2 protein chains.
Amino acid sequence: MRVYFTFEPRPDLREPLLTDFPQLDFVFDSGLSNEELQQADILVTYGEDLTEENIQYATKLKWIFVASAGIEKMPARAIMERGILVSNVRGIHKTPMAESMLAHILAIKRALPWMYEQQKKSEWSKKAKQTELRDSTALILGPGAIGSEVGRLLQAFGVTTIGCNRSGKEAAYMDSMISFAQLKEALPNADIVISVLPKTPETTHLLKEEHFVAMKSSAIFMNFGRGNLVDEKVLIQAIATEQIGYAVLDVFEVEPLSSDSPLWSFSNVIVSPHISSHSSRYVERSLEIFKPSLTKWLKGDTDLENVMDLSRGY
Amino acid sequence: MRVYFTFEPRPDLREPLLTDFPQLDFVFDSGLSNEELQQADILVTYGEDLTEENIQYATKLKWIFVASAGIEKMPARAIMERGILVSNVRGIHKTPMAESMLAHILAIKRALPWMYEQQKKSEWSKKAKQTELRDSTALILGPGAIGSEVGRLLQAFGVTTIGCNRSGKEAAYMDSMISFAQLKEALPNADIVISVLPKTPETTHLLKEEHFVAMKSSAIFMNFGRGNLVDEKVLIQAIATEQIGYAVLDVFEVEPLSSDSPLWSFSNVIVSPHISSHSSRYVERSLEIFKPSLTKWLKGDTDLENVMDLSRGY
């Protein structure tokens with residue numbers, strides 16, 4: 001049985017795979033080739049390289065392990081038609097992403113961008129405009145694995161968390177829950193508005209001008225989900241007209257963000273080039289999810305961790 | 001009875017004082033004058049302005065409420081000789097300081113300084129060197145009110161905390177404790193070394209070259225206590241020779257830090273101009289401590305919160 005990696009884990013991460021699964025034939029490549037795909041029973045990929053055409057070559061393929069959370073770039077229909085199982089590393093992002101979000105929030109609250117600029121001028125000044133995170137309120141759109149981890153950390157800082165999902169159904173580490181329908185009325189209470197929503201037809205342009213108007217003028221808006229959440233023109237307008245106080249953006253309607261986008265140059269916008277989930281421990285963590293799934297798979301058990309429903313998009 | 005403030009709280013914070021204590025005569029000034037001091041029974045000050053000479057004028061003074069944590073600038077001997085009670089706002093700093101420390105740690109781990117520079121160039125690059133805070137180890141010198149609050153937050157991020165004080169006696173939110181004598185042997189285990197120690201004869205130059213040699217070359221060293229902890233020449237040497245990975249400094253041997261100090265220009269040093277405790281809610285929080293103490297005082301009860309022992313210096 002052949003396991004085809006379209007990326008190359010470090011030798012210290014690769015070795016245990018070879019040792020733990022001597023019966024398998026592993027191929028580690030730095031990209032996707034149709035010839036290799038034809039031989040593969042299992043594909044391990046970041047998921048961004050796979051096209052509908054590739055799937056036609058993958059005649060033996062039964063399981064795709066996606067070392068990523070978003071699958072919107074994958075040829076869903078072709079994969080479903082072929083009955084290939086897809087599982088991913090949902091949850092793997094929660095630690096680096098939640099740490100990134102807290103880093104950005106705290107950096108803003110404690111005036112780090114200002115401090116760094118002062119330092120460049122060798123200028124000792126105590127005129128920082130610092131506030132506290134404690135006792136503020138955060139509204140979290142999409143309190144799943146990542147959103148709940150952010151909620152857990154925010155609660156440790158004394159922040160009240162309001163979760164918001166389609167149904168308003170309970171989620172971990174949320175002090176209260178609302179549904180999408182109640183969003184507009186809840187926004188005026190939030191000091192921080194965070195989205196970690198996936199890209200689905202329902203989340204596309206979910207946030208409209210009226211939502212930004214409803215936010216506090218001091219609100220920190222953070223999009224760490226997908227760029228489809230808001231029409232970038234609406235967002236830029238909200239920033240330019242000071243409907244919100246700060247925006248931290250890890251995702252964009254079109255990525256990479258064009259170098260002539262006005263978003264780069266606002267003093268109260270942070271552009272994070274879709275790297276909040278990155279971590280030096282990423283591959284290590286992916287393999288920690290992959291290995292038990294592979295053990296199950298070899299026993300004929302297809303009830304793997306994080307099996308995806310491609311028809312729903314997550 | 002006259003209460004003399006050497007700073008001017010905002011009107012919305014001043015009003016409740018006048019309302020709650022109508023029997024008292026409040027004076028709010030933007031500095032210290034000997035004439036006013038002569039009339040004062042209670043002095044409310046940041047403590048930095050008071051000299052031995054001032055105390056000679058303060059013939060009626062019985063209580064100094066210091067809206068600050070450090071008292072090393074106060075004329076301790078003169079105050080003790082006169083039997084004036086001193087209390088401070090110990091603990092008030094814990095929220096803003098702990099938030100600042102977490103902000104700096106997370107900003108480094110998640111490559112925010114790098115990200116801000118990329119943004120200035122409108123450059124979309126994913127080449128950030130990001131690591132995770134989770135599963136690291138922090139050694140906290142001085143796990144008192146502030147140190148324990150940092151410990152609490154670090155534990156929420158999955159960090160193992162080692163507290164270090166004179167005796168090695170238990171402290172809150174520390175997974176283990178060591179004494180000053182055991183410091184050198186514990187340092188190689190720490191990814192983050194944080195000091196929040198006060199200035200005392202014992203803490204002066206407590207950290208020597210051998211301690212920096214013992215730290216991991218990737219260690220983040222943070223001094224948020226007092227600048228006397230380490231000879232700045234030793235610290236600069238440790239940074240220049242890469243004995244440590246990063247230094248975040250809120251305090252210095254001489255403040256303000258001279259504009260020609262090499263500390264300003266290292267790429268792996270953050271100069272925070274002794275502002276980690278600042279907060280837009282500082283005065284509000286000080287008054288929340290002052291008011292119950294004042295109520296007690298008026299009933300003749302001198303067992304106030306945070307009475308200081310000037311002979312020990314904290």
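In this predicted model, the stretch of chain A that runs from residue 102 to residue 276 is 27% helix and 17% strand, and the C-alpha atoms at its two ends lie 11 Å apart. According to UniProt, in an unreviewed entry, residues 102-276 of chain A carry the feature "domain: D-isomer specific 2-hydroxyacid dehydrogenase NAD-binding".

Two helices of chain A, H1 (residues 11-20) and H11 (residues 282-298), have axes that come within 10 Å of each other and cross at roughly 15°. Because angles under 35 degrees count as roughly parallel, H1(A) is described as roughly parallel to H11(A). The crossing in which H1(A) passes H11(A) is right-handed. On the side of H1(A), the residues that take part in the contact are A:Leu13, A:Pro16, A:Leu17 and A:Asp20, and in H11(A) they are met by A:Val283, A:Glu284, A:Leu287, A:Phe290 and A:Lys291. When the residues of this contact between H1(A) and H11(A) are sorted by character, six are nonpolar, three are charged and none is polar.

The relation between the two chains was examined by superposition. Chain B can be laid on chain A with an RMSD of 0.0 Å, by a turn of 180° together with a shift of 0.0 Å along the axis, and the two copies are therefore related as by a two-fold rotation axis. The same surface serves both copies, since 100% of the contact residues of chain B recur in chain A. Among the residues of chain B, the one that comes closest to the rotation axis is B:Ala103, whose C-alpha lies at 2.8 Å.

Conventions: Residues numbered from 1 in each chain as written. Chains lettered and ligands numbered in written order. Predicted model: local features only at pLDDT ≥ 70, side-chain atom pairs only at ≥ 80, totals over all residues. Heavy atoms only, no water. Axes fitted to C-alpha atoms, helices over the stretch in contact; angles between N-to-C directions. Helix = DSSP H or I, 4+ residues; strand = E, 2+ residues; numbered from the N terminus. Parallel < 35°, antiparallel > 145°, perpendicular 65-115°, else oblique. Left-handed = near helix turned anticlockwise from the far one by under 90°. Contact = heavy atoms within 4.5 Å. Nonpolar A, V, L, I, M, F, W, Y, C, P; charged D, E, K, R; others polar. Least-squares fit on C-alpha atoms with pLDDT ≥ 70 in both. UniProt positions renumbered as here; feature names shortened; annotations may be inferred.
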